[in-house]
Amino acid sequence: MQVNKFKKKLLEDEELLGTFINIPSTIMMEIIGKAGLDFAILDGEHAPFNPESFDSCIRTGDLCGLQPIVRVGDNFPVYIQRAVDLKPAAILVPQVFSKEDAEAAVGAAYFPPAGTRGLSPNTRFAGYSADNTADLTDRANENMCVICQAELVDGIKNLDDILAVKGVDAIYIGPYDLSASMGLPGEVGHPDVEEMMRKIVSKAKDHGKTVGTYCQTLEMAQKWRRAGVKFLTLGVDTAVVYEAFRNFVGGVREPLK
């Protein structure tokens, strides 16, 4: 079992740039890998992924040097178990509102004694039994990377408790859900939303934890880089494709000069 290089970079707060994948396609993974991104978040919460497409996209990411992260559909042990058996670089767990939620996510991801993860050495994480040695679960725990989403006001109130949970490697800010929970849906550039995000960044740093966020535009990315956020998700594949074609088509349809 190879050392989780993504986790090492994350914990050392190195700059990591990625994107969300909503199109379950190995071709999309390879294209994005060639574009120079470090990671891709396979969105099991909002996109039409199934176990087979997760598996093929994770495998492609490994082959082309694009670190695959799985955002599970919910903070539920079965979803987490299925994801970590495929050996992604990390899991991203949504809807973490409390210390108990964070402990549940970590518990489902880690083998005993650190957690309650079920063991099947015949799955991908163990090389389909090729890596089934006495220290298998210890090595799997060392390589496990759990990122919790801080996306609603209720969760932010408990952020210190969430950050204190052993096994939570990073906090990820969902600016759109955060804005909606503040009564400002979609206004991710609103001063109140940005102030709340900066408080999250500050708290994470106080706890020695890496913090990441989603950036829809280059301006957003540069703003949060200046604020010290180095784990940045640059857009979503569907939106990037749409925007590129919309601009292309709009330019062609302009009157000829």
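**Stop 1: β1 and β2.** Select residues 16-21, which form strand β1, together with β2; in this predicted model the two strands pair in the parallel sense over four bridges. To see where they face each other, pick Thr19, which stands opposite Ala40 in β2. Now add helix α2, residues 26-34: β1, α2 and β2 make a right-handed β-α-β unit.

**Stop 2: around β2.** Keep residues 39-43 selected and show the surrounding atoms. Is this strand enclosed or open? Five of the five residues of β2 are buried, so the strand is largely enclosed by the rest of the structure. Turn the view to check each face: Phe39, Ile41 and Asp43 are buried on one side, and Ala40 and Leu42 are buried on the other.

**Stop 3: on to β3.** Select residues 67-71, strand β3, which pairs with β2 in the parallel sense over five bridges. Here Phe39 stands opposite Gln67. Bring in helix α3, residues 51-64, and you have another right-handed β-α-β unit, made by β2, α3 and β3.

**Stop 4: a salt bridge between strands.** With β2 and β3 still on screen, show the side chains of Asp43 and Arg71, which meet in a salt bridge with an N to O distance of 2.7 Å. Asp43 lies in β2 and Arg71 in β3, so this pair ties together parts that are 28 residues apart in sequence. Asp43 is buried, at a relative accessible area of 3%, and Arg71 is buried too, at 8%.

**Stop 5: β4 and β5.** Next, select residues 90-93, strand β4. Three bridges join β3 to β4, and the two run parallel; look for Val70 opposite Ile91. Helix α4, residues 77-85, completes a right-handed β-α-β unit with β3 and β4. Both faces of β4 are covered, with Ala90 and Leu92 buried on one side and Ile91 and Val93 buried on the other. Then move to strand β5, residues 146-150, which runs parallel to β4 and is joined to it by three bridges. Val93 stands opposite Cys148 there.

**Stop 6: the nonpolar cores.** Which residues touch the most other members of the largest nonpolar core? Select Leu42, Ile80, Val146 and Ile171, which do so among its 55 residues. Helix α10, residues 191-206, gives the largest share of this core, six residues. A second, separate core has 17 residues, including Phe20, Phe39, Ala90 and Tyr172. In soluble globular proteins, nonpolar side chains tend to be buried together.

Zoom in on Ile171. Beyond its neighbours within four places in sequence, its contacts include Ile147, Cys148 and Ala150, as well as Leu159, Ile200 and Val211.

**Stop 7: more salt bridges.** How many salt bridges does the structure hold? There are 13. Try Asp135 and Arg139, whose closest N and O atoms are 3.0 Å apart in their salt bridge. Asp135 is partly exposed, with a relative accessible area of 34%, whereas Arg139 is buried at 17%.

Finish with Glu194 and Lys223, whose side chains meet in a salt bridge (2.4 Å, N to O). This pair links distant parts of the chain, with Glu194 in helix α10 and Lys223 in helix α11, residues 218-226, 29 residues apart. Glu194 counts as buried at 13% relative accessibility, while Lys223 is partly exposed at 28%. As a last selection, show Asp43, Glu45 and Arg71, which salt bridges with shared partners join into one network.

Terms used: Residues are numbered from 1 along each chain as its sequence is written. This is a predicted model: local features need pLDDT of at least 70, side-chain atom pairs count only at pLDDT 80 or more; totals for chains, interfaces and linings use all residues. Side-chain values use heavy atoms; hydrogens and water are left out. Buried means under 20% relative accessible area, exposed over 50%, partly exposed in between (1.4 Å probe, protein chains only). Two strands pair if DSSP finds at least two bridges between them. A crossover is right-handed if, with the strands pointing away from the viewer, the path from the first strand over the helix to the second runs clockwise. A nonpolar core is a set of buried Ala, Val, Leu, Ile, Met, Phe, Trp, Tyr and Cys residues joined through side-chain atoms within 4.5 Å. Contact means heavy atoms within 4.5 Å. A salt bridge is a side-chain nitrogen of Lys or Arg within 4 Å of a carboxyl oxygen of Asp or Glu.
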